[in-house]
Amino acid sequence: MDFLFLFLFYLASVLIGVVLICICSKTHCLKGLVGRGTQVFSYIIPECLQRAMLKLLHYLFHTRNHTFIILHLILQGMIYTEYTWEILGYCQELEFSLYYLLLPYLLLIVNLIFFTLSCVTNPGTITKANELLLLQVYEFDEVMFPKNMKCSTCDLRKPARSKHCSVCNRCVHRFDHHCVWVNNCIGAWNTRYFLLYLLTLTTSAATMAVVSTVFLVQLVVVSDFYLETYVDDLGHFQVVDTVFLIQYLFLTFPRIVFLLGFVMVLTFLLGGYLCFALYLAATNQTTNEWYKGDRAWYQHCPYMAQPPSAEPQVYQNIHSHGLWSNLREIFLPAAHYERKKK
């Protein structure tokens with residue numbers, strides 16, 4: 001039973017890593033590599049299985065569904081159940097501070113609030129009623145966002161920094177990306193909630209990693225196990241070293257060590273994505289603008305086919321007006337729109 005539980009833990013971590021990479025790495029080079037890999041697998045996997053996999057992938061990533069929301073809540077439930085069942089009781093016996101131990105639960109409550117807001121908040125859907133106002137909010141750069149462009153699906157004029165989301169079938173103002181984890185687009189009105197959701201999720205994973213690490217270190221220190229000796233395979237007495245200590249902890253507390261490994265992997269994955277998202281916020285860019293605007297890098301990619309006469313499209317970020325102004329635009333969007341009205 002323990003093995004099955006631990007296997008599911010690491011399977012979930014791999015799934016999270018794959019999904020984050022698929023969402024955040026939308027470069028043409030990566031698409032070329034994935035395309036070549038797909039061609040190789042097409043010769044190995046039966047055609048009927050390929051069709052079933054394509055249908056499943058289309059459902060998961062190209063239609064609005066609650067699969068990843070349910071998976072998100074299940075994973076959080078599993079992690080916090082393990083934390084409560086395995087670590088909380090031991091830490092109380094070692095007289096850890098109660099405030100220190102309850103911090104992950106406080107972060108969980110805050111995280112679920114911003115997670116819910118990211119899911120249910122209108123990201124900035126463009127309609128006939130707000131079309132004229134949104135056309136005045138951002139300046140057209142005539143490179144990525146030319147003036148007088150029209151969405152063929154919505155039959156609406158496209159404001160600068162907007163994009164039609166094929167998953168939600170709507171145009172979204174200041175479109176960043178469509179996030180399967182919240183089953184919603186991230187746009188002008190819910191980017192702040194998504195950033196805070198990502199921040200609290202990363203912090204809660206890091207806090208659990210710290211508590212688990214401190215518990216294991218404290219356990220070794222209190223028991224004086226690091227001062228012990230053991231007999232090696234040759235019959236010689238050896239002082240306990242780091243490798244032997246890790247093996248001992250793994251055999252004695254396997255679920256805690258696996259939990260620690262899982263939350264550490266999660267912390268690094270989420271932390272990397274959080275840094276990227278904060279960089280975009282500080283420079284007033286969206287994910288959509290970031291990967292579309294980096295034309296010079298694409299031209300050096302061997303998998304990006306371009307005609308010899310193609311001229312590079314130079315994109316400059318004209319929307320950044322300093323750190324505090326950029327952050328104010330994201331976290332106080334209503335004030336930014338009111339200034340544009342005047």
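A cavity is here a set of grid points where a 1.4 Å probe fits but cannot get out. In the predicted model, three cavities of 30 Å³ or more are present, and the second largest of them has a volume of about 110 Å³. The lining of this second largest cavity comprises 15 residues, among which Asp176, Thr191, Leu195, Ala277 and Leu280 lie closest to its centre.

With regard to secondary structure, helix 7 (191-223) and helix 9 (254-282) each contribute at least two residues to the lining of the second largest cavity, and helix 9, with five residues, makes the greatest contribution. When the lining residues of the second largest cavity are grouped by class, nine are nonpolar, four are polar and two are charged.

The protein chain in which these cavities occur contains 13 helices and eight strands. Of its 342 residues, 42% are buried, and the area that the protein chain exposes amounts to about 19500 Å², of which 66% is supplied by carbon and sulfur atoms. Among the contacts in the protein chain that have a separation of 6 or more, 68% are accounted for by residues 24 or more positions apart.

How values were computed. Residues are numbered from 1 along each chain as its sequence is written. This is a predicted model: local features need pLDDT of at least 70, side-chain atom pairs count only at pLDDT 80 or more; totals for chains, interfaces and linings use all residues. Side-chain values use heavy atoms; hydrogens and water are left out. Helices (H or I, at least four residues) and strands (E, at least two) are DSSP runs, numbered from the N terminus. Buried means under 20% relative accessible area, exposed over 50%, partly exposed in between (1.4 Å probe, protein chains only). Contact means heavy atoms within 4.5 Å. Accessible areas come from the Shrake-Rupley method with a 1.4 Å probe; for residues, only the protein chains shown count as cover. On a 1 Å grid over the protein atoms alone, a cavity is a set of points where a 1.4 Å probe fits but cannot get out, and a pocket is an open set with protein on both sides within 12 Å along at least five of seven lines; lining residues have an atom within 4 Å of a point. Grid points are joined across faces, edges and corners, and a volume is the space filled by probe spheres set on the points. Ala, Val, Leu, Ile, Met, Phe, Trp, Tyr, Cys and Pro count as nonpolar, Asp, Glu, Lys and Arg as charged, and the others, Gly among them, as polar.
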